[in-house]
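Q: I'm new to this one. Can you walk me through it in short steps?

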Amino acid sequence: MEDGNDILLRIKEIEISIDDAMWKSLKDEDHEQELQEYEKAKKALESIDVNAGEIKRERDRVLSYCLMRINDALENLERTDGSIERAEESLRLAEESKNSVQILRSKLALGVALLNSGRLNDAERHFADIILQAKDESQNREVIQVYGWTLIVKVNVLLGKNLYSQAKELANQALDVLSGIENYAGLRTAHSLLARIYQIEGNMEDAKSHARLSEQYADLAKTLKR
């Protein structure tokens, strides 16, 4: 019979398998296989029968994270039915876990799901809440990462409104935030957005420069898993 430490170790191993599937999909773009790995992890986590205490909180944290990743894989497969419900369940589990980082991650994931469903005002409330809580963080890399990615999502919102000057300013802010923690996946996306903005503005030299940087950071993200 497993003791508490054994169960916590098993939960950690499942979390590692989720991360491995995410980074593998970044390289091979096999999102169907990625989804299968997440579903396998979800089933394993749900089989851990605990009612309270540290083990339940840890199980809920990783299960919340797993649901986020499932939504991302399904989004890449253009299968978005139920995305809001999964994101809401992810946030509920995060709040049950009392893990502040996972709560912020789940709020961002729910905001994105709402945004993709056309519920901009509801999404913006989640983004504003994240920024309020995370903007002054200087120590916790994971919180800083969520903050930086929230800025990236807001850049996309501004682009959708044709507010290019504001989008450019926010994209550069995201670069500053994410460069401080060497989050290469985020830097890839921020540079890609800046390339798009400069192309729209007709500044092809800067557009090409940011596109090259985006490709460089994409390679670094795949190699170093950051």
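**Salt bridges, rings and spaces**

A: Let's start with one side chain. Glutamate 32 is partly exposed, with a relative accessible area of 35%. Keep in mind that this is a predicted model.

Q: Which side chain does glutamate 32 meet in a salt bridge?
A: That partner is arginine 79, with N to O at 3.1 Å. Arginine 79 is partly exposed too, at 39% relative accessibility.

Q: Where do those two lie?
A: Glutamate 32 is in helix 2, and arginine 79 is in the loop between helix 3 and helix 4. They are 47 residues apart in sequence, so the pair ties together separate parts.

Q: Why can such side chains pair at all?
A: Opposite charges can pair when the charged atoms come close.

Q: How many salt bridges does the structure hold?
A: It holds 18. One of them joins aspartate 129 and lysine 107, at 2.4 Å from N to O. That pair links distant parts of the chain: aspartate 129 sits in helix 6 (residues 120-134) and lysine 107 in helix 5, 22 residues apart.

Q: Is lysine 107 buried or exposed?
A: Buried, at 12% relative accessibility. The cut-off for buried is under 20%. Aspartate 129 has 26%, so that residue counts as partly exposed.

Q: What does lysine 168 pair with?
A: Lysine 168 meets glutamate 201 in a salt bridge, 3.0 Å from N to O. Glutamate 201 is in helix 9 and lysine 168 in helix 8 (residues 164-179), with their positions 33 residues apart in the chain. Both are partly exposed: glutamate 201 has a relative accessible area of 40%, and lysine 168 has 21%.

Q: Which residues do salt bridges with shared partners join into one network?
A: Lys12, Glu15, Glu58 and Arg61.

Q: New topic. How many aromatic pairs are there?
A: The count is one. The partners are tyrosine 184 and tyrosine 217, with ring centres 5.9 Å apart. Their planes are at 20°, so the pair is stacked; the cut-off for that is under 30 degrees.

Q: Where are the two tyrosines in the chain?
A: Tyrosine 184 lies in helix 9 (residues 184-201), and tyrosine 217 lies in helix 10 (residues 204-224). They are 33 residues apart in sequence, so the stack ties those parts together. Tyrosine 184 is buried at 11% relative accessibility. Tyrosine 217, at 22%, is partly exposed.

Q: What sits over the ring of tyrosine 65?
A: The charged end of arginine 105, 5.3 Å from the ring centre.

Q: Now the spaces. What volume does the largest pocket have?
A: About 1,800 Å³. The pocket has 49 lining residues, and the closest to its centre are Met22, Arg69, Asp72, Trp149 and Arg188. Elements giving two or more residues to the lining include helix 1 (4-28), helix 7 (141-160) and helix 10.

Q: What classes are in that pocket lining?
A: It has 20 nonpolar, 11 polar and 18 charged residues.

Q: And how many cavities of 30 Å³ or more?
A: One. About 30 Å³ of space lies in it.

Q: Which residues line that cavity?
A: Leu67, Met68, Asn71, Arg86, Ala87, Ser90 and Ala109. By class, that is four nonpolar, two polar and one charged. Helix 3 (53-76) and helix 4 (83-97) each supply at least two of the lining residues.

Definitions and conventions. Residues numbered from 1 in each chain as written. Predicted model: local features only at pLDDT ≥ 70, side-chain atom pairs only at ≥ 80, totals over all residues. Heavy atoms only, no water. 1 Å grid on protein atoms, 1.4 Å probe; cavity = no way out; pocket = protein on both sides within 12 Å on 5 of 7 lines; lining within 4 Å. Points joined across faces, edges and corners; volume = space filled by probe spheres on them. Helix = DSSP H or I, 4+ residues; strand = E, 2+ residues; numbered from the N terminus. Nonpolar A, V, L, I, M, F, W, Y, C, P; charged D, E, K, R; others polar. Phe/Tyr/Trp six-rings, centres within 6.5 Å; stacked < 30°, edge-to-face > 60°. Buried < 20%, exposed > 50% of the residue type's maximum accessible area, 1.4 Å probe, protein only. Lys NZ or Arg CZ within 6 Å of the ring centre and 35° of its normal. Salt bridge = Lys/Arg side-chain N within 4 Å of Asp/Glu carboxyl O.
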